[in-house]
Amino acid sequence: MQLMNRILSGLALSACLLMAQADPPGRVARLSYVYGAASFRPAGVDDWAPVDFNRPLTTGDHVFVETSGTVELQIGCGALRMNSTASLEFLNLDDSNVQLRLSGGSLIVRLRYLGDQDSFEVDTPNVAFTLLRPGEYRIEVKPDSATTLVTVRGGDGELTGSSQAFTVHAGEQAQIVGTDQPSYQTVGAPPPNDFDTWSEGRDQHDDQSPSARYVSRQLVGYQDLDQYGSWRNTPDYGAVWVPNGTPGGWAPYHNGHWVWMDPWGWTWVDDLPWGFAPFHYGRWAYVGNYWGWVPGPIAERPVYAPALVAWVGGGAIGGGIAWFALGPREVYVPSYHTSPVYLNRINVTNTVIVNNTVNINVTNVQYVNRVAPGAVMAVQQTAFASAQPVQSAAIAVRPEAIRSAPIVATAAVAPTRASVAMTAKPGARVVQPPASMQGRAVVARRTPPPPPVPFALKQQALAANAGRPLDTAQVQQIRQSQPPPARPLVRQVQARTPTAAPQAPAAQINRPAAEALPQRTPPPAAIAPAAPQIPKPQPQATPPPPRSAAPPPPEPSREVQRPAPVERPAPAERPAAAERPVAPTQIKPAAPKKEEGKKEEGKKEDGKKKEDGKKE
């Protein structure tokens with residue numbers, strides 16, 4: 001009997017694992033900073049397009065930044081920063097793996113968190129670099145593609161080539177020259193240049209983020225909450241975040257556009273500079289006379305959602321599609337295929353669920369935001385599918401029609417080519433990597449997943465799927481019947497036991513010319529109360545502040561009194577459902593420790609001078 005129970009338990013566990021394998025990733029990257037000329041190529045298409053600010057990025061997506069440009073990508077475990085004609089592709093991005101193809105340029109990785117079962121790999125034309133622990137790393141592929149420099153300022157890494165493997169430790173730089181039989185040597189890490197210094201400043205700003213007291217640091221986009229809003233306490237929901245400067249009549253999911261992203265389907269891209277975290281995590285609540293974002297419990301890794309909305313359908317919309325933001329404690333039911341485990345995770349990490357039984361019937365739920373002032377947005381299906389800004393394509397719907405219209409499980413709109421990538425404006429220049437860089441193969445230690453099936457091969461099946469993404473079996477069938485070209489861009493190498501890399505003679509490495517310091521992207525202009533729309537931030541830059549300047553603190557909240565400072569527990573010590581502290585009224589940046597050190601040294605020197613005078 002016990003043996004039979006074990007067999008049944010094993011079968012049940014295997015079934016759950018098989019279902020979980022078909023679940024979409026709970027983690028994405030986000031385009032968070034753009035300076036200069038940059039572009040991206042979504043998975044499944046061949047054309048490069050202008051960068052879409054706040055767009056989620058996943059496996060198969062490419063990003064390119066031209067000379068003197070800079071791009072920052074945020075991921076749950078850290079940040080990626082590119083410049084110097086850098087070309088980056090996500091070979092894999094899921095809950096446990098980050099695998100990047102760097103075919104040229106410079107990449108700085110600030111890794112904040114790496115779980116025991118997680119892997120982080122950067123593949124270059126002559127070596128695969130595996131990050132072994134949190135730290136700061138810089139990988140630079142020279143224009144000739146035969147030379148790669150790997151600098152470890154904090155942490156440890158492992159280099160794997162065609163025939164050898166070496167370790168690189170903090171304070172070292174590895175120089176790899178050649179592709180077929182590369183040579184290796186290590187030197188001391190060179191002093192930081194302008195790009196390194198700018199990156200360190202971004203890290204310091206993130207380290208001091210007050211919003212990290214209310215949300216997990218693995219929640220993508222939390223850093224922008226400090227500058228563009230404030231935290232308030234409410235009797236019903238606890239600490240909520242309230243955006244600054246929103247005009248009268250503003251409501252969530254009203255300023256942006258919809259894009260199609262596999263494997264999630266319809267995905268919201270907000271136009272506001274802070275418009276990522278509050279639209280892919282948590283819930284929105286209309287509190288009194290304002291909208292506030294209610295984050296989920298402080299979890300180690302919140303699960304990303306393409307858009308936390310409820311869909312309104314039926315003939316009352318006049319052939320269009322409408323939606324509104326889900327409220328606290330309301331269940332999100334994805335339109336894509338998931339397992340029960342995933343359905344539970346994506347809800348309990350983003351809101352408080354009163355009972356553990358998830359109700360997947362969306363038609364008999366009393367949604368609190370459905371009757372909130374101006375909460376519902378409606379557009380025609382053509383505007384929806386072509387990624388048009390919804391604020392300029394909105395259609396008027398009578399309130400009584402909205403109240404009587406049924407709630408549906410998905411937006412039953414078939415995607416088009418325009419749904420996948422933005423189209424450049426007439427006459428606009430879209431930069432892209434040189435052909436030699438696009439076709440440059442890289443060395444990989446881990447086997448990446450197969451490349452995404454081209455959108456053109458799936459479009460007919462998607463048109464018959466009523467706005468839902470294809471399931472794993474459908475995608476696999478298309479892949480087998482019409483296989484895309486094999487990936488020629490990855491050369492697999494065997495994992496080997498690493499040894500210490502040979503030390504170079506004590507000589508200063510020749511460094512490239514100093515890179516331009518990226519300029520700070522200015523915040524969007526203040527929004528006047530009567531403005532009907534909220535402008536999308538532009539990547540133009542203003543002169544940067546001095547390097548020694550501290551990052552600007554967020555605007556203080558006038559709603560509540562500041563409590564005594566509350567120390568945020570370390571991740572290992574954090575309870576399952578931590579209570580958020582009371583929102584502060586003002587946050588002051590910590591005094592620089594370097595200045596204190598200088599004062600103490602000055603005191604010692606003055607004392608020494610006095611003693612010398614007495615002796616004389």
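The lining of the second largest pocket in this predicted model comprises 23 nonpolar, 10 polar and 10 charged residues. These belong to a lining of 43 residues, among which D23, P24, P25, D262 and P263 lie nearest the centre of the pocket. The space within the second largest pocket amounts to about 1,300 Å³. Several elements of secondary structure contribute to its walls: α1 (2–21), β7 (78–93), β19 (256–261), α5 (340–348), α11 (455–463) and α12 (472–481) each provide at least two lining residues. Of the contributors, α12 gives the most, with 4 residues.

One of these contributors, β19, also marks the end of a loop that takes part in an aromatic pair. The structure holds 29 aromatic pairs. In one of them, F166 and Y184 stand 4.6 Å apart from centre to centre, with 55° between their planes, an arrangement classed as tilted. This pair links distant parts of the chain, since F166 belongs to strand β14 and Y184 to strand β16 (residues 183–188), 18 residues apart. Both F166 and Y184 are buried. A second pair is formed by Y253 and F279, whose ring centres are 5.0 Å apart; because their planes meet at 85°, the pair counts as edge-to-face. Here too distant parts of the chain are linked: Y253 is in the loop between β18 (238–243) and β19, F279 is in helix α4 (residues 277–280), and 26 residues separate them. Y253 has a relative accessible area of 1% and is therefore buried. F279 is likewise buried, as its relative accessible area is 0%.

From the first of these pairs one may turn to Q164, which touches Y184 as well as L159, P182 and R496, when residues up to four places away in sequence are not counted. Q164 is placed in the loop between β13 (156–160) and β14 (165–169); β14 is the strand that holds F166. Whereas F166 and Y184 are both buried, Q164 is partly exposed, because its relative accessibility is 35%. A further relation across the sequence concerns V493: Q164 and V493 are 329 residues apart in sequence, yet their C-alpha atoms are 9.7 Å apart in space.

Another residue to consider is T147, which is located in strand β12 (residues 147–154). T147 counts as buried because its relative accessibility is 16%, below the 20% limit for that class. Apart from neighbours within four places in sequence, T147 makes contact with N126, E140, V141, K142, I176 and V177.

The last element in this account is strand β21 (residues 283–287), in which 4 of the 5 residues are buried, so that the strand is mostly covered. β21 runs antiparallel to strand β22 (residues 290–294), and 5 bridges join the two strands. Within this pairing, V287 of β21 has Y290 of β22 as its bridge partner. Together β21 and β22 form a hairpin, with 2 residues between the strands. In the turn of this hairpin, G288 adopts a positive phi of about 70°.

Terms used: Residues numbered from 1 in each chain as written. Predicted model: local features only at pLDDT ≥ 70, side-chain atom pairs only at ≥ 80, totals over all residues. Heavy atoms only, no water. Buried < 20%, exposed > 50% of the residue type's maximum accessible area, 1.4 Å probe, protein only. Contact = heavy atoms within 4.5 Å. 1 Å grid on protein atoms, 1.4 Å probe; cavity = no way out; pocket = protein on both sides within 12 Å on 5 of 7 lines; lining within 4 Å. Points joined across faces, edges and corners; volume = space filled by probe spheres on them. Nonpolar A, V, L, I, M, F, W, Y, C, P; charged D, E, K, R; others polar. Pairing = 2+ DSSP bridges. Phe/Tyr/Trp six-rings, centres within 6.5 Å; stacked < 30°, edge-to-face > 60°.
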